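Biologist: Hey, got a minute to walk me through this one? I'd like to start with the ligand.

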Amino acid sequence: MDASSMMASPKQEIKLADYQPPAFFIDNITLTFKIYGDYVDVHAKSFIKRNGNNTNALALDGSPYMELLNLSIDGEAVDKALYTLGGANLTINDVPDEFIIDITTRLKPAENSRLEGLYASGGNLCTQCEAEGFRHITYYIDRPDVLAVYSVRIEADKDEYPVLLSNGDNTENGILDNNRHYACWNDPYPKPSYLFALVAGKLSAYSDRYVTKSGREVALNIYVREPDLDKCDYAMQSLKRSMKWDEDEYGLEYDLGTYNIVAVSDFNMGAMENKGLNVFNTKYVLANQQTATDTDFDNVEGVIGHEYFHNWTGNRVTCRDWFQLSLKEGLTVFRDQEFSSDMTSRAVKRIADVRVLRMIQFPEDAGPLAHPIRPESYVEINNFYTATVYNKGAEVIRMIQALLGKKAFNTAVRQYLTEFDGQAATCADFVDVMERVGQKDLTQFRRWYSQAGTPSIDVSRKRDGNDVILKVSQSCMATPGQSSKAPFHIPFMVGWIDKAGEAIFPDVSEKVNWTENGCLLDVTAQEQEFKFYNVPEDCVPSLHRGFSAPVTLTSDISDEEKAFLVSHDSDAYARWQAIQELASSYILNIVEGEMSIVDEQYQLIASAFSTILQQENIDLSFMAELLTLPTEVYLGQLQDTLQPDAIYDARESLLGKLANDNEQSINNLFAMFKSQTAGQTQSAKGARRLCSVLLSYMIRGKSEARDSAKEEILSQFYKASTMTEQLSALMLISDSDYVEREDVLKHFYEQWQTDDLVIDKWFAVQAQSKRLDTLDTVKHLMCHEAFSYQNPNRIRSLVSSFTMMNQVRFHSADGAGYSMLSNVIKKLDKINPQTAARMVAPLCRWQRLDSIRQTLMIDSLKELLNVENLSDDVRELVQKSLQ
Ligand code: B3K
Ligand code: ZN
């Protein structure tokens with residue numbers, strides 16, 4: 001079936017302001033899945049009750065991808081005259097106030113390349129129902145404020161589908177005729193349809209158990225293909241750590257006897273929190289040191305934690321409607337970030353989260369697709385699983401925590417979960433509880449939910465005798481539909497460092513509390529002054545500590561003061577930010593030809609850099625962060641008009657200068673830590689990370705040094721005992737013009753060709769290469785036997801790695817990168833519109849480019865609009881970006 005040609009008319013925009021409670025509720029549903037060779041019959045028996053005394057017809061959501069075999073109400077077949085079956089819904093007139101409806105549908109999972117609803121992956125069957133996938137399984141009131149108790153029976157051939165899983169606990173299993181068997185599952189917790197899941201296939205379980213705080217035993221299983229069983233342990237340990245962390249931190253225990261996770265290779269997103277039966281992209285489950293990098297391990301832990309934490313924030317308390325998505329996603333991202341911080345390094349995790357926000361969310365907030373964390377309208381909800389809803393949403397929760405204090409915040413979260421348990425709530429419900437329990441006025445703070453755009457803060461200083469006044473002003477750029485913004489309530493963390501490098505804690509004009517992290521200023525007005533009393537001369541303020549709000553900052557802090565902060569600030573984020581700002585300013589000055597100040601700036605950077613290289617007793621991962629220059633994408637955002645080539649060149653020249661001027665200390669440090677890279681401890685991980693950054697400098701040193709770095713890299717590639725080391729060598733080689741390059745890439749492919757996740761890395765590494773021929777390589781790789789449009793991981797590893805992580809080559813001046821992307825989107829849209837839509841964003845940022853590139857990008861977008869039967873998913877984004 002061609003997906004798009006079957007769709008009815010284009011979807012209409014849905015508005016938050018139009019929300020109406022459902023006309024009917026479904027309290028209970030019993031589903032029977034009969035799985036046969038090339039189809040599945042689904043029988044759904046639902047108990048339906050009218051909500052109040054409306055006189056509406058029963059409107060059920062459906063889809064053109066299923067066949068209706070039977071429809072009866074209270075045991076009687078429904079007369080054809082009483083219902084209308086459109087492409088995507090079923091309306092039944094004259095239904096009673098309470099009744100049982102029986103619906104049988106037939107599905108063809110093997111034909112489902114959209115990967116929503118019931119589909120096949122590697123011969124197994126699985127489901128993805130969030131946001132609106134359940135309507136592809138049966139006709140239903142497919143919205144999150146309809147919560148039902150689900151009982152599921154699955155029947156299938158014993159040999160083809162030995163494992164049969166659904167939500168909740170397994171209640172019965174048995175044998176049927178014709179080599180078939182069945183399994184029954186019951187989930188006692190009422191849930192919306194988006195949390196339904198079913199898996200059937202040939203899978204092996206990696207099992208363990210967990211005893212909850214109150215002594216209940218939970219069976220834990222991770223289901224994978226048999227050969228992958230040796231890659232499940234880290235995910236299992238992460239799951240157990242998550243369960244313990246949620247008990248310790250929020251007093252939240254798991255509530256069923258079973259927690260199942262299934263890993264599948266074909267998945268649109270990272271993972272899905274279905275109650276008691278999470279379905280995961282293999283990328284976030286399978287990991288051992290030979291095949292997964294340290295970053296992969298961190299991602300596994302983060303995503304396992306994220307889905308587990310949804311059991312309370314999302315499942316026990318769900319969302320009233322999809323506009324409230326950040327209620328569960330922002331809060332759960334915040335929880336997984338905190339979990340990962342507690343398991344690893346808080347400083348490094350915070351920096352990683354800030355990087356993601358700046359690389360993905362800030363550009364989104366500054367472009368034509370900007371929307372508040374609680375959007376006001378959408379055409380295709382799948383387009384709103386964005387960095388804004390997720391990551392800015394998490395920052396908003398983090399600000400609430402800062403305003404309330406951690407203790408009161410945790411109490412308030414527990415109170416929210418108690419009050420709304422078993423219900424579908426709104427963001428406003430959440431903030432109301434925070435305000436009441438935390439006893440903090442959040443009236444103005446609520447604007448974070450309704451106003452889009454990244455606020456900018458500017459800070460300047462004025463000395464007044466012994467005192468210093470910080471003048472803080474805020475503004476926020478216009479975003480689509482919001483030309484002017486009311487001021488935000490911004491928690492702004494500030495500290496002071498004296499000239500000896502020690503923290504001081506002066507009294508402040510406003511009522512604030514000092515903690516060891518600094519003092520939190522309530523920035524609420526467009527312009528505001530804060531007076532700090534008795535601040536000695538030469539003290540330097542440390543601003544925006546811990547990245548206390550998702551804003552950009554400018555200030556009158558001089559380059560010398562920034563260099564001082566790099567060496568002396570006790571706040572890790574502020575230290576890192578200070579060196580980032582120095583390096584950014586230098587690189588942009590080079591780009592702009594502001595040569596008069598760059599020498600002086602370079603001296604400051606070089607001395608800060610050498611101080612970092614010499615620092616002892618420092619977390620090595622953090623040291624690696626401090627030595628990593630701002631990315632090209634970040635630098636580009638600081639320009640009014642992006643100059644991709646000039647940024648690349650200037651950044652390269654700074655890397656080269658630093659490599660040359662610090663050759664000896666870089667080599668020494670490398671030699672020292674190279675021997676400490678074995679194992680999976682935090683310090684071994686840190687040593688690997690640091691060595692990888694040091695190598696990236698070593699290859700840019702003087703020619704002799706470069707030769708020995710090359711030897712080092714080639715030997716690291718061939719001898720590596722971990723994927724982290726092998727891949728970091730491969731990335732440098734892939735970027736190079738070494739004669740060995742082709743052999744190395746071939747070797748890697750042959751070494752790993754049976755491991756899909758490693759082959760994804762092989763594609764990604766080539767797509768990220770800064771070589772001039774990379775676009776040709778990408779096009780060439782699209783014809784490779786291992787490339788497939790059907791598998792989202794593969795598409796992302798080749799195409800998105802290029803379009804999102806290779807700024808200089810994607811924006812090649814002839815527009816070839818843009819037409820490549822638009823051709824991929826066209827083709828993919830027919831197969832998997834959701835994944836196609838997730839690739840559109842790089843083209844939408846055309847306003848940021850020069851006029852020649854703008855025209856080329858707009859042409860590529862317009863070409864997409866001309867595609868016959870373009871999906872709602874892609875059309876919504878393209879249209880918005882051309883408005
Ligand atoms: N809730 C899912 C995302 C579903 C995406 C649907 N397009 C994963 C997560 O955030 O945990
Ligand atoms: Zn989530």
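Modeller: Here is a quick tour of the ligand site, then one helix. It's a predicted model, where local features need pLDDT of at least 70, side-chain atom pairs count only at pLDDT 80 or more, and totals for chains, interfaces and linings use all residues. Residues are numbered from 1 along each chain as its sequence is written, chains are lettered from A and ligands numbered from 1 in the order in which they are written, and side-chain values use heavy atoms, without hydrogens and water.

Biologist: Fine. How many residues surround ligand 1?

Modeller: There are 16, counting a residue if one of its heavy atoms lies within 4 Å. Glu130, Glu273, Glu307, Asn382 and Tyr390 are the closest.

Biologist: Which polar side-chain atoms lie by an oxygen atom of ligand 1?

Modeller: Glu307 has one 2.8 Å from a ligand oxygen, and Tyr390 has an N or O atom 2.5 Å from an oxygen of ligand 1. A polar contact here is a pair of N or O atoms within 3.5 Å.

Biologist: And where does ligand 1 sit relative to the domains?

Modeller: Between domain 1 (1–202) and domain 2 (317–450), because both give residues to its shell. Those bounds come from an automatic or database domain assignment.

Biologist: New topic: which residues of α22 are buried?

Modeller: In α22 (residues 774–781), they're Thr774, Leu775, Thr777, Val778 and Leu781; buried means under 20% relative accessible area, with a 1.4 Å probe and protein chains only. They span an arc of only 160 degrees around the axis, so they're on the same side of α22.

Biologist: What's exposed on the other side?

Modeller: Asp776 and His780, with exposed meaning over 50%.

Terms used. Polar contact = N/O pair within 3.5 Å; in protein donor to acceptor, adjacent residues only side chain to side chain. Helix = DSSP H or I, 4+ residues; strand = E, 2+ residues; numbered from the N terminus. Arc of directions from axis to C-beta.
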